[in-house]
Amino acid sequence: MRLSRYFLPLLKETPSEATIASHRYMLRAGMVKQDSAGIYIWLPLGFKVLKKIENIVREEQNKSGAVEILMPTIQSAGHWKETGRYDAYGPEMLRIKDRSNRELLYGPTNEDMITDMFRTYVKSYKDLPQSLYHIQWKFRDERRPRFGVMRGREFLMKDAYSFDVDLESARLSYNKQFVAYLNTFDRLGLQAVPLRADAGPIGGDLSHEFLILAETGESKVYCHSDLLDMKAPGYVSEKDLQKVVDSRTSFYARSDEMHDQTKFEKIPENKRLVARGIEVGHIFQFGDKYSKPMNANVQGADGKVNPVMMGSYGVGVSRLVGGIIEASHDEVGIIWPKSVTPFGVGIINLKVGNDEVDKVCEDLYEKLKNSNIDPLYDDKNDRGGQKFARMDLIGLPYQIIVGPRGLGEGVVEVKVRLSGKKMNLTLEEAVNFIVNEYTSET
């Protein structure tokens, strides 16, 4: 993409309402525009990142065996009244009526709706287990929407729902999602810590939340530091799932809501970690909390009819955009992991109109495009300082700087955004370096 043809409305000054890094940089880098409190327009740069995160989440859900569907944003209040949640959910739910005076709501989550869908079609254990997910916009009328997309009112969420004949098989479904989450966050360049959690309004007696450590996190985290050294498990066979889950959950890890200081002090002092964290995922096993009141029953192999055992599994897709920035930025801008960067590399033309510089930039642009790197070519006639600041702000992992002085010596400059390292390379070496940096991870 040529920058001269791209919609990238940067802000020079930080808006006064932006108090954390992700909110500041998402506004300044032209990723989002606030339309009203807690509701944002996703501009081209932000939307590209959002879709890349969504695709990684989708791929890991598919690997786990979950099947994608799509449920509507507007739900019938009747489902929620069956489970008793309509009145219990509180003012965060946006309740509305249609022209026929039917009670509806803008869905904050989908347990009730999908339980109704399930009971329509599934009656026998022979059709289980099932795991269904969708990636859909949701709305919760937060009292104090703040921190940009980190605590907005409208947000994009992946929510999955498992259905099993008994609690033993339900635990297997839970473990599949637990492992899928570890792999998902790893692919996003994040170190996520699973913490034993309170089930809250979703319900159930088994729940874990996944937090990434960041100074601006709303939750205080107490955990064993060895958790941060554990690598993503990758593919895990069904027989080894419990072992992988146990290897994480055997370590103490709690947020301040569930913290037990006595247990925490049993950890060797040099292994105690106290930090702040941002919740990016939450999983629940809640048995028959929804299936029982809604009569979502299945006949077992013994002929007995019982409520299906369920779980739900959420990932805040739009929240992750902010979470990644909170975990990966510096004083001048964002530093994107390669897996979700909006563009693979930025090409900076320091002398637009110079025949030789223009020709080399065009050559780089075409070669990188043909290598599926998706470059952003800064072909605007701005000062060099503006170009450098802009490219640092939007946080692409690599920059190639092309100017008359370097070309006079037969080289271009390649900058690695994360480390700040700069290298003078020939045109061919620069292309090969960038291509190898991306292909080495695939």
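## Briefing on a predicted single-chain model

The accessible surface of the chain comes to about 20400 Å², and carbon and sulfur atoms account for 48% of that area. The model is predicted, and its chain is built from 13 helices and 23 strands. The points below take up the overall form of the chain, its charges and cysteines, and a few places where the backbone deserves a careful look.

**Overall form and packing**

- The radius of gyration of the chain is 24 Å, which agrees with the value near 22 Å that a compact globule of 442 residues would have.
- Measured out along its principal axes, the C-alpha trace of the chain spans about 80 × 60 × 40 Å.
- Of the 442 residues in the chain, 52% are buried.
- Among contacts with a separation of 6 or more, 71% are between residues that lie 24 or more positions apart in the chain.

**Charges**

- The chain carries 61 positive and 62 negative charges, and the mean positions of these two sets are 2 Å apart.

**Cysteines**

- A disulfide is a covalent bond between the sulfur atoms of two cysteines, and the structure holds 0 disulfides.
- Cysteine 223 has a relative accessibility of 0%, and because buried means under 20%, this residue counts as buried.
- Cysteine 361 likewise counts as buried, because its relative accessibility is 0%.

**Backbone features in loops**

- Most residues other than glycine have a negative phi, and most peptide bonds are trans.
- The peptide bond that joins leucine 128 and proline 129 is cis, with omega at about 5 degrees, and proline 129 lies in the loop that runs between α5 (111-121) and β7 (130-139).
- Asparagine 101, found in the loop between β5 (94-97) and β6 (103-106), is a residue other than glycine with a positive phi, near 70 degrees.
- With a relative accessibility of 53%, asparagine 101 counts as exposed, because the cut-off for that class is over 50%.
- Asparagine 295 also has a positive phi, here near 55 degrees, and its place is in the loop between β13 (272-287) and β14 (297-299).
- At 55% relative accessibility, asparagine 295 passes the cut-off of over 50% and therefore counts as exposed.

Terms used. Residues numbered from 1 in each chain as written. Predicted model: local features only at pLDDT ≥ 70, side-chain atom pairs only at ≥ 80, totals over all residues. Heavy atoms only, no water. Helix = DSSP H or I, 4+ residues; strand = E, 2+ residues; numbered from the N terminus. Rg over C-alpha atoms; globule rule 2.2 N^0.38 Å. Buried < 20%, exposed > 50% of the residue type's maximum accessible area, 1.4 Å probe, protein only. Contact = heavy atoms within 4.5 Å. Areas by Shrake-Rupley, 256 points an atom, 1.4 Å probe, with all protein chains shown as cover. Lys, Arg positive; Asp, Glu negative; His and termini not counted. Charge placed at Lys NZ, Arg CZ, Asp CG, Glu CD. Disulfide = S-S within 2.5 Å.
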